[in-house]
Amino acid sequence: MNLSPLSNDPAFALAFRTLQPAPPRPASLLVLLHGVGGNEANLAVLGAEVDSRTLVVLPRGPITLGPTAFGWFRVTFTEAGPQIVASEADASRRALIEFIAQLQQACGIDASHTVIAGFSQGGILSASVALTAPERVAGFAVLAGRILPEIEPQLADATRLSALRGYIAHGIHDDKLPVSWAQRSDDWLTRLGVAHQTKLYPTGHELAAPMRADFLAWLARGEPRAGGG
């Protein structure tokens with residue numbers, strides 16, 4: 001498993017790496033988003049297990065938290081739940097939508113062959129992108145994350161959301177984002193009419209092997225613009 005050097009190409013809205021070797025003529029695009037305090041290399045192991053015809057892109061969160069630590073927005077965990085900097089979350093959402101469009105244009109891949117997924121805060125942004133700009137992706141996965149209540153004013157309507165498919169995976173013993181967030185996400189997607197699958201695991205706040213395997217199986221089953229798992 002190898003990663004390309006970090007690209008800071010001004011033609012793209014975010015810095016990123018790609019999994020190597022990249023397919024010369026990719027059939028599909030998978031954008032994997034790291035969690036808060038992580039970096040773009042964190043999900044490379046997951047990306048290495050997808051179909052070799054898929055271009056795996058690993059963007060870096062735009063907020064620097066340390067020498068090798070980045071995020072999509074700042075968050076404070078309180079007894080009342082996570083308190084986010086909503087303006088940063090929205091800026092990252094918009095940057096990702098632009099970034100995906102730029103990748104699709106550059107690589108000749110359309111939205112029906114594009115999936116966005118992420119761990120923790122990366123999963124949050126995956127849902128934010130897909131549910132507000134469903135024309136940009138075919139599917140999204142939230143791995144130990146949640147759907148931000150703050151995106152409700154930007155949600156696409158039911159007709160636009162009807163082609164999406166989603167995947168929710170969460171640890172029952174998650175002490176960072178309690179499993180109730182996964183249950184809320186499941187309920188919300190049902191109300192929105194978004195076809196999706198939700199799976200829970202006897203794990204904590206981690207991307208454990210069974211969660212990775214089930215995500216990869218969901219990804220492999222998905223037909224472009226299909227109706228869910």
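Leu189 is buried in this predicted model, with a relative accessible area of 0%. That counts as buried because the cut-off is under 20%. Leu189 sits in helix 5. Which residues does Leu189 contact, leaving aside its neighbours within four places in sequence? They are Leu131, Phe140, Ile147, Ile168, Val194 and His196. Arg25 lies elsewhere: the C-alpha atoms of Leu189 and Arg25 are separated by 34 Å. Along the chain, these two residues are 164 residues apart.

**Helix 5 and its two sides**

Helix 5 covers residues 180-192. Its 13 residues reach 18 Å from the first C-alpha to the last. That is close to the 18 Å expected at 1.5 Å a residue. Leu189 has buried company here: Trp181, Ala182, Ser185, Trp188 and Leu192 are also among the buried residues of helix 5. Why do the buried residues line one face of the helix? Seen down the axis of helix 5, they fall within an arc of 125°, so they line one face. Thr190 and Arg191, on the other side of helix 5, are exposed.

The buried residues of helix 5 pack against several elements. Among the helices, these are helix 3 (121-132) and helix 4 (158-161). Among the strands, they are strand 8 (81-84), strand 10 (139-143), strand 11 (165-171) and strand 12 (195-201). Just after helix 5 comes Gly193, with a positive phi of about 75°.

**Helix 6**

Helix 6 has 13 residues, which should span 18 Å at 1.5 Å a residue. Its end C-alpha atoms are 18 Å apart, so the two values agree. Met211, Phe215, Leu216, Trp218 and Leu219 are the buried residues of helix 6. They cover an arc of only 160° around the axis, which puts them on the same side of helix 6. What covers these buried residues includes helix 1 (44-47) and strand 3. Strand 9, strand 10, strand 11 and strand 12 are also included in that cover.

**Helix 2**

Helix 2 runs over residues 86-107. Its 22 residues should span 32 Å at 1.5 Å a residue, and its end C-alpha atoms are 31 Å apart, which agrees. The buried residues of helix 2 include Glu88, Arg93, Phe99 and Gln104. Ser92 is also buried in helix 2, and Ser92 is touched by Pro62. Gly108 follows helix 2, and its phi is positive, near 70°.

**Backbone turns to look for**

Positive phi values come up at four residues in this report. Here they are together.

| Residue | Phi | Place |
|---|---|---|
| Gly108 | near 70° | follows helix 2 |
| Ser120 | about 55° | loop between strand 9 and helix 3 |
| Ala144 | near 60° | loop between strand 10 and helix 4 |
| Gly193 | about 75° | just after helix 5 |

Ser120 has its positive phi although it is not a glycine. Ala144, too, is a residue other than glycine with a positive value. Is Ser120 buried or exposed? At 8% relative accessibility, Ser120 counts as buried. Ala144 is buried as well, with a relative accessible area of 0%.

Another backbone feature involves a proline. The peptide bond from Gln20 to Pro21 is cis, with omega near 0°. Pro21 is in the loop between strand 2 (16-20) and strand 3.

**Pro62**

Pro62 is found in the loop between strand 4 (54-59) and strand 5 (63-66). Its relative accessible area is 48%, so Pro62 is partly exposed. Not counting residues up to four places away in sequence, Pro62 touches Leu14, Gly71, Trp72 and Ser92. Pro62 and Ala13 are 49 residues apart along the chain, and their C-alpha atoms are separated by 9.5 Å.

**The largest pocket**

Rolling a probe the size of a water molecule over the atoms shows where empty space is left. How much space lies in the largest pocket? About 440 Å³. The largest pocket is lined by 21 residues, and the closest to its centre are Ser28, Thr54, Leu219, Ala220 and Gly222. Leu219 is also one of the buried residues of helix 6.

Which elements each supply at least two residues of the lining? They are strand 3 (28-33), strand 9 (114-119) and helix 6 (209-221). By class, the lining has 10 nonpolar, 6 polar and 5 charged residues.

Terms used: Residues numbered from 1 in each chain as written. Predicted model: local features only at pLDDT ≥ 70, side-chain atom pairs only at ≥ 80, totals over all residues. Heavy atoms only, no water. Helix = DSSP H or I, 4+ residues; strand = E, 2+ residues; numbered from the N terminus. Expected span 1.5 Å × (residues − 1). Buried < 20%, exposed > 50% of the residue type's maximum accessible area, 1.4 Å probe, protein only. Arc of directions from axis to C-beta. Contact = heavy atoms within 4.5 Å. 1 Å grid on protein atoms, 1.4 Å probe; cavity = no way out; pocket = protein on both sides within 12 Å on 5 of 7 lines; lining within 4 Å. Points joined across faces, edges and corners; volume = space filled by probe spheres on them. Nonpolar A, V, L, I, M, F, W, Y, C, P; charged D, E, K, R; others polar.
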